[in-house]
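This briefing walks through selected features of one protein model, grouped by topic. Please keep the sequence and the three-dimensional view at hand while reading.

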Amino acid sequence: MKLTLIGAGPGDPELITLKGVKALQKAKVVLYDSLAHPDLLEYCPQDCVKILVGKRFGKTSCGQDEINALIAEYAQLYGEVVRLKGGDSFVFGRGYEELAFAAQQGISTVIIPGISSSYAAPALAGIPVTSRGLSESFWVVTGTTKNHSLSKDVHLAAQSTATVVILMGLHKLEEIVEIYASLGKLDEAISIIQNGTLPHQKVVTGKISNIVALSNIAEMASPAIIVIGKVAALPDQSADQIAAMIIASETKH
């Protein structure tokens, strides 16, 4: 018996890996998430069993225990199961939990990584998560922990000079703003990217001081990611402004 964990990528169906496509083309059963683009299922054979087990904030169709039970059931029936998960299975995708469950059931596992929205969505919005002279590193933090609270790592990340990328955090935007405001970072650049990498992508950019109002006006909604740091302002800057930002940053160091 075999479980294949495929990262579907950040949204755009063309951003899945070739190895992921080849696995789908041979699939007998696919358990897929809401964030996996439906066009990807067209790679599957006509007789493939396709089951939506997707989870989104506030809209849980299957709990993890139910998904695990389906993995075990269909592995027994068909000998193999493909699990198609948005982004990368090991970046807030609970992929390792499913791998561990499969191991307990005597099911072997194949892992096919996917492109993560944590860097792909900013990239396609014109935002590099690192850029010489502006950002030397980046944090990727979940906005929703197991107990549905904002991760304490956000406060730690906010104290750094790194770019901070927050996934699943739009509903915690006011809390995030309060953290940065408490550190005197009201002028820090921040962008919200909704439906990143897709044709209907929407981006709102502002500062910590006004992003809540801008987000409300634009009616931003999930799925969305938040990018905080100097690089978030780059798409709206001229070449001269970017050069001045880099010089100013290097002078401070």
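A residue is called exposed when its relative accessible area is over 50%, buried when that area is under 20%, and partly exposed in between. By that cut-off His148, at 57% relative accessibility, counts as exposed. The model described here is predicted, and the points below take up its nonpolar cores, two helix pairs, several individual residues and some backbone features.

**Nonpolar cores**

- The largest nonpolar core has 22 residues, and those with the most contacts inside it are Leu173, Ile192, Ile226 and Ile228.
- Two or more residues of this core are given by each of helix H5 (153-158), strand E9 (163-167), helix H6 (173-182), strand E10 (189-194) and strand E12 (224-228), and the largest share, 5 residues, comes from H6.
- Once its neighbours within four places in sequence are left aside, Leu173 is in contact with Ile190, Ile192, Ile211, Val212, Ser215 and Ile226.
- A second core, separate from the one just described, is made of 18 residues, including Leu3, Leu70, Val81 and Ile107.

**The pairing of H6 with H7**

- Helices H6 and H7, the latter formed by residues 211-218, pack at an angle of about 160° with their axes 10 Å apart.
- Because angles over 145 degrees count as roughly antiparallel, H6 is described as roughly antiparallel to H7.
- The crossing in which H6 passes H7 is right-handed.
- On the H6 side the residues that meet the other helix are Leu173, Glu174 and Val177, while on the H7 side they are Ile211, Val212 and Ser215.
- Sorted by character, the residues of this contact of H6 with H7 divide into 4 nonpolar, 1 polar and 1 charged.
- Ser215, which has its place in helix H7, counts as buried at 5% relative accessibility.
- Not counting residues up to four places away in sequence, Ser215 touches Leu170, Leu173, Ile192, Val204 and Met220.

**The pairing of H2 with H3**

- The axes of H3 and of helix H2 (residues 64-78) come within 10 Å and cross at roughly 45°, an arrangement that makes H2 oblique to H3.
- H2 passes H3 in a crossing that is right-handed.
- The contact is made by Gln64, Ile67, Asn68, Ile71 and Ala72 of H2 together with Glu97, Glu98 and Phe101 of H3.
- By residue character, the contact of H2 with H3 divides into 4 nonpolar, 2 polar and 2 charged residues.

**Thr109 and Arg94**

- Thr109 lies in strand E7, which covers residues 108-112, and with a relative accessible area of 29% Thr109 is partly exposed.
- If residues up to four places away in sequence are not counted, Thr109 touches Leu3, Leu5, Leu99 and Ala102.
- Thr109 and Glu97 are 12 residues apart along the chain, and their C-alpha atoms are separated by 12 Å.
- Arg94 lies in the loop between E6 and H3 and is partly exposed, with a relative accessible area of 40%.
- Arg94 and Gln64 are 30 residues apart along the chain, whereas the separation of their C-alpha atoms is 8.8 Å.

**Backbone features worth checking in the viewer**

- As background, most residues other than glycine have a negative phi, and most peptide bonds are trans.
- Phe92, although not a glycine, has a positive phi of about 55°; Phe92 has its place in the loop between strand E6 (80-85) and helix H3 (95-104).
- With a relative accessible area of 39%, Phe92 is partly exposed.
- His148 is likewise a residue other than glycine with a positive phi, near 70°, and His148 is found in the loop between strand E8 (138-142) and H5.
- The peptide bond that runs from Ser222 to Pro223 is cis, with omega near 5°, and Pro223 has its place in the loop between H7 and E12.

Technical notes
Residues are numbered from 1 along each chain as its sequence is written. This is a predicted model: local features need pLDDT of at least 70, side-chain atom pairs count only at pLDDT 80 or more; totals for chains, interfaces and linings use all residues. Side-chain values use heavy atoms; hydrogens and water are left out. A nonpolar core is a set of buried Ala, Val, Leu, Ile, Met, Phe, Trp, Tyr and Cys residues joined through side-chain atoms within 4.5 Å. Buried means under 20% relative accessible area, exposed over 50%, partly exposed in between (1.4 Å probe, protein chains only). Helices (H or I, at least four residues) and strands (E, at least two) are DSSP runs, numbered from the N terminus. Contact means heavy atoms within 4.5 Å. Axes are lines fitted to C-alpha atoms, for helices over the stretch in contact, and angles run from 0 to 180 degrees between N-to-C directions. Angles under 35 degrees count as roughly parallel, over 145 as roughly antiparallel, 65 to 115 as roughly perpendicular and the rest as oblique. A crossing is left-handed if the near helix is turned anticlockwise from the far one by less than a right angle, and right-handed if clockwise. Ala, Val, Leu, Ile, Met, Phe, Trp, Tyr, Cys and Pro count as nonpolar, Asp, Glu, Lys and Arg as charged, and the others, Gly among them, as polar.
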